[in-house]
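This report describes one protein chain and its ligand. It begins with a loop residue, then turns to the whole chain, the ligand and some further residues.

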Amino acid sequence: MSDDKLYIVLMGLPARGKSTLALRLLEAFRKDHIHTRIFNNGNLRRIYRPLAETSCAEFYSPNNSNAVELRNQFARMHCEKAKAYLDNSGQVAILDATNAGRNRREMLEKYLNNHPLLFIECINDDEDILDLSILEKTKLPEFKHLDGKTAKTEFLKRIDYYKMIYAPLKVERNYVRLDSLQNKILSEKHTDAIPLYARLRDYLVTDEVKNLFLIRHTQTEYNIEDRIGGDPGLTKKGKEQAEALGQFFAGRKISYIFTSSLLRTKRTAEAIAARQDACRIIALKEFNEIHAGVCEGMTYAEIEKEMPKVFRARETNKYAYVYPEGESYAMMKPRIEEGIKKSFFLNRRAHNIMIVGHQAVNRLILSHFLYRREVDVPYIYIPQDRFYHIVSTQNKKLFELKRYDKHFFKKTAQGG
Ligand code: F6P
């Protein structure tokens, strides 16, 4: 057996991030000049069969023997193509399909036996993410002849059919079971020596961000008064700032904007989305601002006067201080991490990702990429007239605080 070429066979239920992972691996290998190609069974299905047939859940029923045979044929076609590719200049062939049952995987192991074969199982059962991913899937051309509700029903039924034959990786010779939301390896097994394994493993667990635009919502009444929390809307100036953001980003493709569930972030995002061709705003509660408990709606001066103990205790250790009936930065951290994972998973293949957050939220997001001691996190500078542009890949790190309103306002705009 040659030991420098590799078959990677993905497996997992629909909408678990397999195709996104395939593309991530392709890009990473190609960057390292490793000849790689993806063989996606869904593409064959869409080429050879009418969409009206393949969008229908019955096509995926394990009891539909004609369709089972057709799908197996597509799998065999790709086996042959992948084999031919590795026989020539190819080094890594990625076979992207559900491959949910043992029979199919036995067939693949038997047929693709001239180089090591590694299965990667993509696992993710987060309900919010699944809902949003399914919504995205049903907007693909495959479903364009169906209304949204029917498309969703068909897709959910398709998943149920796959669940009937789903067998997690266990008896296969080589595998990795991956939490595809967290980019975390859950278990692994190697019987053969797997070429490029160290690199591959690293790709699997690395959170890469090509272009993250991290924006703080624009000015609110509360900002002017130095009041915290609540759910205020934007001031006139805040609306103008949001408009300036929209103009600034008009030339860049933003497919998704992730916000909190609070009005000020949504309103800011709406002004940006208004100048994009197709841009979805997704509100994640994970990105809600720190909950100030009994201090919600108060100004800092009021807190100092009316609750001096609270004020001073927070000053002493701002990161760990928990507002009575509220939160601390330390408590927010896990939900912010969850929000980052969710937004990155949903943003998938788009190169630009945008988050419109809040002061404390953005400090924690920044500290995910930029090392800071915990005690320093609550003091990171988060202005409203600038945004952070972050790139964090294996080959490049960039953190830049940029103005967006230079050409919009004659006078220098002030952050609130
Ligand atoms: O003042 C705006 C705000 O977003 C408040 O809602 C929030 O309590 C505060 O910033 C967080 O910043 P700090 O931790 O510095 O009080």
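## A report on the predicted model

Asn288 sits in the loop between strand S9 and helix H12 (300-306). Helices (H or I, at least four residues) and strands (E, at least two) are DSSP runs, numbered from the N terminus. At 18% relative accessibility, Asn288 counts as buried; buried means under 20% relative accessible area, exposed over 50%, and partly exposed in between, with a 1.4 Å probe and protein chains only. Leaving aside neighbours within four places in sequence, Asn288 is in contact with Ser260, Ser261, Leu262, Met332, Arg335, His358 and Val361. Contact means heavy atoms within 4.5 Å. One of these partners, Arg335, is 47 residues from Asn288 along the chain, and the two C-alpha atoms are separated by 9.3 Å.

This is a predicted model, in which local features need pLDDT of at least 70 and side-chain atom pairs count only at pLDDT 80 or more, while totals for chains, interfaces and linings use all residues. Residues are numbered from 1 along each chain as its sequence is written, and side-chain values use heavy atoms, with hydrogens and water left out.

### The chain as a whole

The protein chain has 416 residues, and 53% of them are buried. It contains 15 helices and 12 strands. Along the principal axes, its C-alpha atoms fill a box of roughly 75 × 45 × 40 Å. Of the contacts with a separation of 6 or more, 72% are between residues 24 or more positions apart.

The chain exposes about 19,400 Å², and carbon and sulfur atoms supply 50% of this area. Accessible areas come from the Shrake-Rupley method with a 1.4 Å probe; for residues, only the protein chains shown count as cover. There are 69 positive and 54 negative side chains, and the centres of the two sets lie 3 Å apart. Lys and Arg count as positive and Asp and Glu as negative, without His and the chain ends. The place of a charge is taken as NZ of Lys, CZ of Arg, CG of Asp or CD of Glu.

### Around the ligand

Which residues surround the ligand? They are Arg216, Ile228, Gly229, Arg264, Glu289, Ile290, Tyr300, Arg314, Lys318, Tyr329, Gln359 and Arg363. A residue is near a molecule if one of its heavy atoms lies within 4 Å of it. The table gives polar contacts of the ligand; a polar contact is a pair of N or O atoms within 3.5 Å, and within protein one must be able to donate a hydrogen and the other to accept it, with residues adjacent in sequence counted only if both atoms are side-chain atoms.

| Residue | Polar atom in | Distance to a ligand oxygen |
|---|---|---|
| Gly229 | backbone | 2.8 Å |
| Lys318 | side chain | 2.7 Å |
| Arg363 | side chain | 2.9 Å |

On its own, the ligand has 390 Å² of accessible area, and the protein covers 95% of this.

### Helix H11 and Thr218

Arg264, from the ligand surroundings, is also one of the buried residues of helix H11 (residues 263-273). The others are Thr265, Thr268, Ala269, Ala271, Ile272 and Ala273. The buried residues of H11 pack against helix H10 (236-249) and four strands: S7 (209-216), S8 (256-259), S9 (280-283) and S10 (352-357).

Thr218 lies in the loop between S7 and helix H9 (221-225). It is buried, with a relative accessible area of 0%. Not counting residues up to four places away in sequence, Thr218 touches nine residues, among them Thr268, Leu234, Gln384 and Tyr404.

### Other residues

Ser180, in the loop between strand S5 (175-179) and strand S6, is buried at a relative accessible area of 9%. Its side chain reaches the backbone oxygen of Arg16 at 2.7 Å.

Glu109 belongs to helix H5 (residues 102-111) and is partly exposed, with a relative accessible area of 24%. The side chain of Glu109 reaches the backbone nitrogen of Arg173 at 3.0 Å.

Ala15 is not a glycine, yet its phi is positive, at about 65 degrees. Ala15 lies in the loop between strand S1 (6-11) and helix H1 (18-31). Is Ala15 buried or exposed? Ala15 is buried, with a relative accessible area of 4%.
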